[in-house]
Amino acid sequence: MKTAERSKHCCEYYQSLEVAFNFPSEIEYAADLKAFRSALISSNLLSTPFLTIIKGYDFVQGGNMERELVSEKRGYLVITVAQAKEIVTNWLSEIDLFNATQLGLPEVDDRYHIWRVPLCTDAGNKVGEVVIDAYTTEILPDKTTRPEIITVRLLKQDESKLVKRKKQKKEYKISKLRNTVGFGDCVGLIEDMPTESVDLIFTSPPYFNARPEYSEFEEYETYLFKMRQVIKRCHRVLNEGRFFVINVSPVLLRRASRSEASKRIAVPFDIHRIFIEEGYDFIDDIIWLKPEGAGWATGRGRRFAADRNPLQYKAVPVTEYVLVYRKQTDLLIDWHIRNHPDKEVVKESKILDGYERTNVWKINPATGSKHPAAFPRELAEKVIAYYSFKGDVVLDPFAGSGTVGVAAASSGRRFVLFENNFDYVETMQQALPTWKNVKFSSVMWINCKPSELPPEQIEIQLES
Ligand SMILES: C[S@@+](CC[C@H](N)C(=O)[O-])C[C@H]1O[C@@H](n2cnc3c(N)ncnc32)[C@H](O)[C@@H]1O
């Protein structure tokens, strides 16, 4: 936002507080926020008693005036009150309510990375709220008061009829998607998918700097931002009340020199927060337990094993998290079972004896995969069996060698696999003819159509 507007907005804010202020011109026309702050300081306005806090601007009387705004620090796209107001003004114009409403003072809620903008009548009565995603500038429809409710409140009509309409009977959705492999950034590929067209998501995201040659993220915040983009977009395509299962682990950043300590980053806990903020409920933390030898390769615990000094103790990691989330809903799990249109399918999907009874699953790591970070097929098969019905669509936005695809196909589910490294897309193309229950020619390829079908599949096609 232009900063003259920003400072002007501050003036408006003061006026709204009915504080008689004569802003010197250098304040009104400050070139940027920093200049605006400096101008405030040099004109001694900040020492006035009512300037304790300017909401949304994070000015603290007597505090460090060089402090960045919370919204700037977080790297939000929506940084200022005026930006938030502009977004809402555009939205109100689109829904023809611009002239009917007044904007209250927007507030940033940095716990959920959102801006809340109150909508009021001319008399100042609140009729609703618009919630903006501070990272992306998007208006969040689930959290924003619906336009019809705003209208009814403005007209002082009976709201109860609208509420009833909202509780219409929910229909069970059967996805029309077919087996798909897409090459490219999953963020864009998911954007092109129909809403609520996926029944389960299972993935293991790229590691943050676990291996320099394997990492595309320089900053951890950038990595988390990417994860947020994916988790957010997955929310739209996932059916209501269905599951998003993610395999993640803390990562070890090796020390840059002998005088520095290595650092372990608790990725799962940061990812957990993103899931909650993006509208999922936490369901389970499953621990994937590997054989003891598996962790020694990390080098953790070797020093202690040799010296046995206290404080040097470091546990050798032999576990990974398999975190289970559910897209927020009022529907009970039972609803999905009772309302599935094919009772035979529900019966066939029942899980046989020998299932995992606790949240510790002992599974050997994958061996012989062409992917350095492939998870074992057994893990994918278990997740798919426990969290989907036969015939369902399983999405893996970070598909790698396609383990989720193999497991989905062998369990009678459909798959949608996205991968941005063409080598792994080729690995999938080559392996796909061996996947159970999949006809190569019926697979939809996005940005990676194979030049020719494998010979055995061509024969099948000619015969039919
Ligand atoms: C941990 S690996 C997944 C391995 C997979 N589970 C398997 O069994 O082979 C993560 C994969 O995500 C891919 N990837 C990273 N960023 C991506 C993006 N933006 N879109 C699609 N794929 C991406 C990487 O190339 C890598 O193959």
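This is a short walk through one predicted model, from the whole chain down to a few single residues.

Okay, let's start with the overall picture. The protein chain has 17 helices and 17 strands. It runs to 464 residues, and buried ones make up 29% of them. If you take contacts between residues at least 6 apart in sequence, 61% of those join residues at least 24 apart. I'll come back to a few long-range pairs later on.

There's a ligand in here too. Its shell holds 17 residues, and the closest are A374, F398, G400, S401 and T403. Sort that shell by class and you get eight nonpolar, seven polar and two charged residues.

Now to the element I want to spend some time on, helix 10. That's residues 267-277, and the buried ones are V267, I271 and F275. How do these buried residues sit when you look down the axis of helix 10? They fall within an arc of 70°, so they line one face of the helix. The spacing along the sequence fits a general rule: an α-helix has 3.6 residues a turn, so residues three or four places apart point the same way.

What does that buried set pack against? For helix 10 the partners are helix 9 (220-237), plus a set of strands: strand 9 (238-248), strand 10 (251-253), strand 11 (263-265), strand 12 (280-289) and strand 13 (319-327). And just after helix 10 you'll find G279, which takes a positive phi of about 95°.

Let me pick out the helix 9 partner. Two packed helices are described by the angle between their axes and the distance between the axes. Here, the axes of helix 9 and helix 10 come within 10 Å and cross at roughly 35°, and the crossing is right-handed. Which residues of helix 9 and helix 10 meet? From helix 9 you have L224, M227, R228 and I231, and from helix 10 they meet D270, I271, I274 and F275. By class, the residues of this contact are six nonpolar, no polar and two charged. Notice that I271 and F275 turn up again here, having already appeared among the buried residues of helix 10.

Next, helix 16, residues 422-431. Its buried residues are Y424, V425, T427, M428 and Q429. What covers them includes strand 7 (180-183), helix 15 (403-410) and strand 16 (414-419). F422 is in helix 16 as well, but this one counts as partly exposed because it has 13 C-beta neighbours inside 10 Å. F422 also gives us a long-range pair: F422 and C448 are 26 residues apart along the chain, and their C-alpha atoms are separated by 8.4 Å.

On to some other residues of that kind. D396 lies in strand 15, residues 393-396. Is D396 buried or exposed? It counts as buried, because it has 24 C-beta neighbours inside 10 Å. Leaving out residues up to four places away in sequence, D396 touches F202, T203, V404 and L417. Then look at D396 and V245: 151 residues apart in sequence, yet 9.9 Å apart in space, C-alpha to C-alpha.

A134 is in the loop between strand 6 (126-133) and helix 6 (147-154). Loop or not, A134 is buried, with 24 other C-beta atoms within 10 Å. Again setting aside residues up to four places away in sequence, A134 touches S71, Y76, V78, V108, H113, I114 and W115. A134 and D109 are 25 residues apart along the chain, with their C-alpha atoms separated by 8.9 Å.

A82 is a quick one. Its place is in helix 5, and A82 counts as buried with 22 C-beta neighbours inside 10 Å. Between A82 and P106 there are 8.4 Å in space, C-alpha to C-alpha, for 24 residues in sequence.

Last stop, backbone angles. D96 has a phi near 60°, a positive value in a residue other than glycine. D96 is found in the loop between helix 5 (81-94) and strand 3 (102-103), and counts as exposed because it has 10 C-beta neighbours inside 10 Å. L311 isn't a glycine either, and has a positive phi of about 75°. You'll find L311 in the loop between helix 11 (302-307) and strand 13. L311 is exposed, with 6 other C-beta atoms within 10 Å.

That's my tour, thanks.

How values were computed: Residues are numbered from 1 along each chain as its sequence is written. This is a predicted model: local features need pLDDT of at least 70, side-chain atom pairs count only at pLDDT 80 or more; totals for chains, interfaces and linings use all residues. A residue is buried if 20 or more other C-beta atoms lie within 10 Å of its own, exposed if 12 or fewer, and partly exposed in between; C-beta atoms are placed from the backbone. Helices (H or I, at least four residues) and strands (E, at least two) are DSSP runs, numbered from the N terminus. The arc is that of the directions from the helix axis to the C-beta atoms. Two residues are in contact if their C-beta atoms, placed from the backbone, lie within 7 Å. A residue is near a molecule or strand if its C-beta atom, placed from the backbone, lies within 6 Å of it. Ala, Val, Leu, Ile, Met, Phe, Trp, Tyr, Cys and Pro count as nonpolar, Asp, Glu, Lys and Arg as charged, and the others, Gly among them, as polar. Axes are lines fitted to C-alpha atoms, for helices over the stretch in contact, and angles run from 0 to 180 degrees between N-to-C directions. A crossing is left-handed if the near helix is turned anticlockwise from the far one by less than a right angle, and right-handed if clockwise.
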